[in-house]
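Dear colleague,

I am handing over a structure for you to look at, and below it I have written what was found in it. Please keep the picture open beside the text as you read.

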Amino acid sequence: LSTNSQCAIIQYEDKTQAQLSLESLNGCPMKGNILEVHPYQENILDLNDQDLVTDYTNSPNQRFKIKGSKNFNNVIKPGNILHLSNISENVNAHFFLKLFGEVAKVEAFQFFKNDNKMAVAQLATTNDAVSILIKFHNHNIYGRYLKISFSKNKIKHEASQVYTSTCLLYTSDAADDLLCVDLGGRRIIKKK
């Protein structure tokens with residue numbers, strides 16, 4: 001809105017889509033704030049003011065351009081687990097741990113068992129997941145546009161399939177002097 005840059009009006013094609021957005025997005029954490037979604041009192045927006053209006057009707061990023069699309073069945077309320085699709089075959093889990101690590105810590109990442117073009121990523125919070133979705137949805141990775149949405153799938157913790165980004169790094173004067181502590185199975189080196 002021209003009077004308040006913290007607000008926006010979104011016009012949906014039908015009332016069902018508007019109601020679904022209201023139910024899914026109201027109260028969602030986003031960029032450290034809580035998103036508030038309310039129905040707008042007017043029925044139709046004036047799309048003539050090009051400085052204030054963006055029309056996504058024919059956008060290639062429009063997920064719901066096909067009536068009756070299965071995408072309508074996969075609208076999930078925001079949570080801390082993301083579904084990734086259209087993944088390039090040139091990347092692995094560590095690529096995503098590093099890429100998403102620019103925004104938030106990925107707690108777990110797992111490719112689908114029979115389809116490495118899809119994966120799920122678990123973040124610590126819904127706010128982290130929202131931030132990653134905003135930054136990386138439709139991100140070009142080796143010529144493929146990454147699709148990100150919230151997931152109803154959970155990460156199955158099978159050791160061979162789940163990748164986490166936990167890493168311990170210990171530095172101190174003692175380490176510099178080769179006085180070290182046992183970090184579980186590592187050799188202890190003591191300077192005499």
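Before the order of elements can be read, it helps to know that helices (H or I, at least four residues) and strands (E, at least two) are DSSP runs, numbered from the N terminus. Please also bear in mind that this is a predicted model.

With those terms in hand, the chain has four helices and eight strands, and when they are followed along the sequence they give the pattern α-β-β-β-α-β-β-α-β-β-β-α. The chain holds 192 residues, of which 24% count as buried. Among the contacts with a separation of 6 or more, 63% are made by residues 24 or more positions apart. As for the surface, the chain exposes about 14200 Å², and carbon and sulfur atoms supply 51% of that area.

Turning to the interior, the largest nonpolar core has 25 residues, and those with the most contacts inside it are L84, F96, F100 and F109. At least two residues of this core come from each of β3, α2, β4, β5 (115–123), α3 and β8 (147–150), while α2 gives the most, with five residues. What does F96 touch, once residues up to four places away in sequence are not counted? The list is L84, I87, V91, G101, V106, F109, I141 and L146.

Charged side chains add a second theme, since a salt bridge is counted here when a side-chain nitrogen of Lys or Arg lies within 4 Å of a carboxyl oxygen of Asp or Glu. By that rule, the model has two salt bridges.

One of them joins E89 and R144, whose closest N and O atoms are 3.3 Å apart. This pair links distant parts of the chain, because E89 sits in the loop between β3 (81–85) and α2 (93–101) and R144 in strand β7 (residues 144–145), 55 residues apart. E89 is exposed, with a relative accessible area of 60%, whereas R144 is partly exposed, at 22%.

The other salt bridge is formed by K135 and E102, with the closest N and O atoms 3.7 Å apart. K135 belongs to helix α3 (residues 126–136) and E102 to the loop between α2 and β4 (106–112), so this pair ties together parts that are 33 residues apart in sequence. K135 counts as partly exposed, at 47% relative accessibility, and E102 counts as exposed, at 55%.

With best wishes

Notes. Residues are numbered from 1 along each chain as its sequence is written. This is a predicted model: local features need pLDDT of at least 70, side-chain atom pairs count only at pLDDT 80 or more; totals for chains, interfaces and linings use all residues. Side-chain values use heavy atoms; hydrogens and water are left out. Buried means under 20% relative accessible area, exposed over 50%, partly exposed in between (1.4 Å probe, protein chains only). Contact means heavy atoms within 4.5 Å. Accessible areas come from the Shrake-Rupley method with a 1.4 Å probe; for residues, only the protein chains shown count as cover. A nonpolar core is a set of buried Ala, Val, Leu, Ile, Met, Phe, Trp, Tyr and Cys residues joined through side-chain atoms within 4.5 Å.
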